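Subject: Structure for your review

Dear colleague,

Please find below the structure that I am handing over to you. My findings follow it.

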Amino acid sequence: MTFERSFEPGEFYTPVGVGPHPVPWPTGEQFDPELLANGDRRNVCDEYRYLTVAAIRERLAACRSSVHVAIENWQHDLNIGSLVRTANAFNVAGVHIIGNKHWNQHGALMTDKYVEMHHHAPPADLRIYAQQNALEIVGFDNLPGAIALDRFTFSPNSVLLFGNEGTGLTTDAVEISTNLVEITQYGSVRSMNASAAGAIALYAWTAQHRPTAR
């Protein structure tokens, strides 16, 4: 699925990566000649340096987690890109954008190239996808009746669903969620942003279902 790329003001990132590959170059279709010649400045681990996008996706597909991440996109939230970047770090099975197809990609740092992206116009479409793929939707919000994260047991095949900054999950998103989970907080702020909540939730799922290092 193709998404429109947006260019939004935001955090400045200094150049990273490596320069041109020393000769002789490694051979194989998995290597990108342009990157070998000019250097690889992408935000990727060393084991993926100089590889084509297709080669990276193929390697990631072989060891993806079974968890998915979904986020409602109604306000062009800057946190969406950051959550996509976190989803790539945990090598999730898929990232689902609900609502507006045009999402703020600045914080993703191009990591959306390496994950399976899905779009669902209304939340009900995500429920259909979940039913077709035997996935349990877990909504994250500090609503009445929500289960504390440290007391919740995830299904291996879960979709972790997050709302927009400030507004949280919509009524429709709550309706499609099998369970509601909240992250226990101890400060004065009402809620944390979606990217921070997503990182905590993915870590918790990983601790239960993928605790060993790669």
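I begin with one cysteine: Cys63 touches Asn91 and Arg210, leaving aside residues up to four places away in sequence. Please bear in mind throughout that this is a predicted model. Cys63 sits in the loop that connects α2 (53-61) with β1. Is Cys63 buried or exposed? Neither word applies, because its relative accessible area is 33%, and partly exposed covers the range between under 20% (buried) and over 50% (exposed). From Cys63 to Ala196 the separation is 133 residues in sequence and 24 Å in space, taken C-alpha to C-alpha.

The sheet

The sheet is open and consists of 7 strands, with parallel pairing, in the order β3-β2-β1-β6-β4-β7-β5. The edges are held by β3 (117-120) and β5 (147-148); each has a single partner strand, so one side of each has no neighbour in the sheet. As general background, strands of a sheet pair through backbone hydrogen bonds.

Two of the pairings involve β7. Strand β7 (residues 179-182) pairs with β5 in the parallel sense over 2 bridges, and Ala148 has Glu182 of β7 as its bridge partner. Strand β4 (residues 136-140) also runs parallel to β7, and 3 bridges join these two strands. Here Phe140 is matched with Val181 of β7.

Helix α3 and its surroundings

Helix α3 lies across four strands of the sheet, namely β1 (68-73), β2 (94-99), β3 and β6 (158-162). The direction of α3 is at about 175° to β1.

Helix α3 (residues 79-89) also packs against helix α6 (residues 194-209), at an angle of about 20° and with the axes 8 Å apart. The two helices are therefore roughly parallel, since angles under 35 degrees are classed in that way. Their crossing is right-handed.

Which residues make this contact? On the α3 side they are Asn79, Ser82, Leu83, Thr86 and Ala87. The α6 side contributes Ala194, Ser195, Gly198, Ala199 and Leu202. By character, the residues of the contact comprise 5 nonpolar and 5 polar, with no charged residue.

Yours sincerely

Methods
Residues numbered from 1 in each chain as written. Predicted model: local features only at pLDDT ≥ 70, side-chain atom pairs only at ≥ 80, totals over all residues. Heavy atoms only, no water. Axes fitted to C-alpha atoms, helices over the stretch in contact; angles between N-to-C directions. Parallel < 35°, antiparallel > 145°, perpendicular 65-115°, else oblique. Left-handed = near helix turned anticlockwise from the far one by under 90°. Contact = heavy atoms within 4.5 Å. Nonpolar A, V, L, I, M, F, W, Y, C, P; charged D, E, K, R; others polar. Pairing = 2+ DSSP bridges. Buried < 20%, exposed > 50% of the residue type's maximum accessible area, 1.4 Å probe, protein only.
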